[in-house]
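Biologist: Please take a close look at the hydrophobic interior of this model, and then follow the chain outward from there to the parts that lie at its margins.

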Amino acid sequence: MSESGVSYQFVKGLYQTGLLLSNLAEMDRQSLPGEAWDEQGWQRFVQAGVETGLVSVGPELAGFISFWVHDEETELLKLAVIPSYRRQGLGEGLVKALLQRQNSGHRLFLEVRVSNQKALYLYRKMGFTEQGLRRQYYQNPKEDALVLSYMIP
Ligand SMILES: CC(C)(COP(=O)(O)OP(=O)(O)OC[C@H]1O[C@@H](n2cnc3c(N)ncnc32)[C@H](O)[C@@H]1OP(=O)(O)O)[C@@H](O)C(=O)NCCC(=O)NCCS
């Protein structure tokens, strides 16, 4: 844990059970209501190989980043910081912590709602670039997605 009490931890596999799954589902519901997974949804994705990075402030979970790792690229599925901990660098910290786990030449990509200015500012600040548009990619509400990517130097 750092002096500020912020710590990052990565988890994978079925020990993501019980309390952690319900915490993830709750943070997901608060942050990404249109596309949140419930506990069963989290269970299914974890079983299918989704990994998650967690950020805590002291003993409290403040956010998460979830992703699939393929051979040469990682697909970022979800990034969320709970409202009371936003604008403190934790979202950026989660993306940086994920980037640090990968080798040079590895590519990260993600989809983001075209209207999600906060996330777009964050990804652009970190050097992600636009690769294209997926029309009507999202439901609840329907919206296009921008595809962004970042190659680790
Ligand atoms: C997007 C989200 C993860 C950002 O988390 P955060 O911890 O507040 O972000 P950070 O404090 O690390 O901010 C990093 C950068 O993001 C951008 N940013 C974050 N929040 C912003 C806001 N409200 N307005 C403008 N820019 C913002 C800024 O560029 C910021 O850098 P700066 O502080 O130097 O200006 C958070 O707002 C969230 O959980 N939103 C709901 C879920 C979501 O939209 N996830 C992304 C789906 S792809």
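Modeller: The largest nonpolar core holds 26 residues, and F64, I65, L76, L79, L94 and L148 are the ones that touch the most other members. By such a core I understand a set of buried Ala, Val, Leu, Ile, Met, Phe, Trp, Tyr and Cys residues joined through C-beta atoms within 7 Å, where buried means 20 or more other C-beta atoms within 10 Å of the residue's own, exposed means 12 or fewer, partly exposed lies in between, and C-beta atoms are placed from the backbone. At least two residues of this core are supplied by each of α1 (18-31), α2 (39-47), β2 (51-57), β3 (60-69), β4, α3, β5 (107-113) and β7 (143-151). The model is a predicted one, in which local features need pLDDT of at least 70 and side-chain atom pairs count only at pLDDT 80 or more, whereas totals for chains, interfaces and linings use all residues. Residues are numbered from 1 along each chain as its sequence is written.

Taking F64 as an example, and not counting residues up to four places away in sequence, its contacts (C-beta atoms, placed from the backbone, within 7 Å) are L24, M27, T52, G53, L54 and A80. In α3, the buried residues are G91, G93, L94, V95 and L98, and their cover includes β1 (6-12), β2, β3, β4 and α4. Strand β5 shows two faces, with L108, L110 and V112 covered and R107, F109, E111 and R113 uncovered. In a regular strand the side chains alternate between the two faces of the sheet. β5 pairs with β4 in the parallel sense over four bridges (pairing requires that DSSP finds at least two bridges between the strands), and one of the partnerships joins T74 to L108 of β5.

Moving outward, strand β6 (residues 129-138) is hardly covered, for none of its 10 residues is buried. Its pairing with β7 is antiparallel and runs over six bridges, with L133 finding its bridge partner in L146 of β7. Four residues lie between the strands of this hairpin, where N140 takes a positive phi near 50°. S56, in strand β2, counts as partly exposed because it has 17 C-beta neighbours inside 10 Å. Leaving aside neighbours within four places in sequence, S56 is in contact with S7, L61 and A62, while R135 lies 79 residues away in sequence and 35 Å away in space, C-alpha to C-alpha.

The ligand is surrounded by 19 residues, of which the closest are R86, G91, E92, Y121 and L122, a residue being counted if its C-beta atom, placed from the backbone, lies within 6 Å of the molecule. Two or more residues of this shell come from each of β4 (73-81), α3 (90-100) and α4 (117-125), and α4 gives the largest share, five residues.

For the chain as a whole, there are four helices and seven strands (DSSP runs of H or I with at least four residues, and of E with at least two, numbered from the N terminus), in the order β-α-α-β-β-β-α-β-α-β-β from the N terminus on. The radius of gyration is 15 Å, close to the 15 Å that the globule rule gives for 153 residues, so the chain is as compact as a globular protein of that length; the radius is taken over C-alpha atoms, and the rule is 2.2 Å times the number of residues to the power 0.38. Buried residues make up 24% of the 153 residues, and 56% of the contacts with a separation of 6 or more join residues 24 or more positions apart.

Terms used: Contact = placed C-beta atoms within 7 Å.
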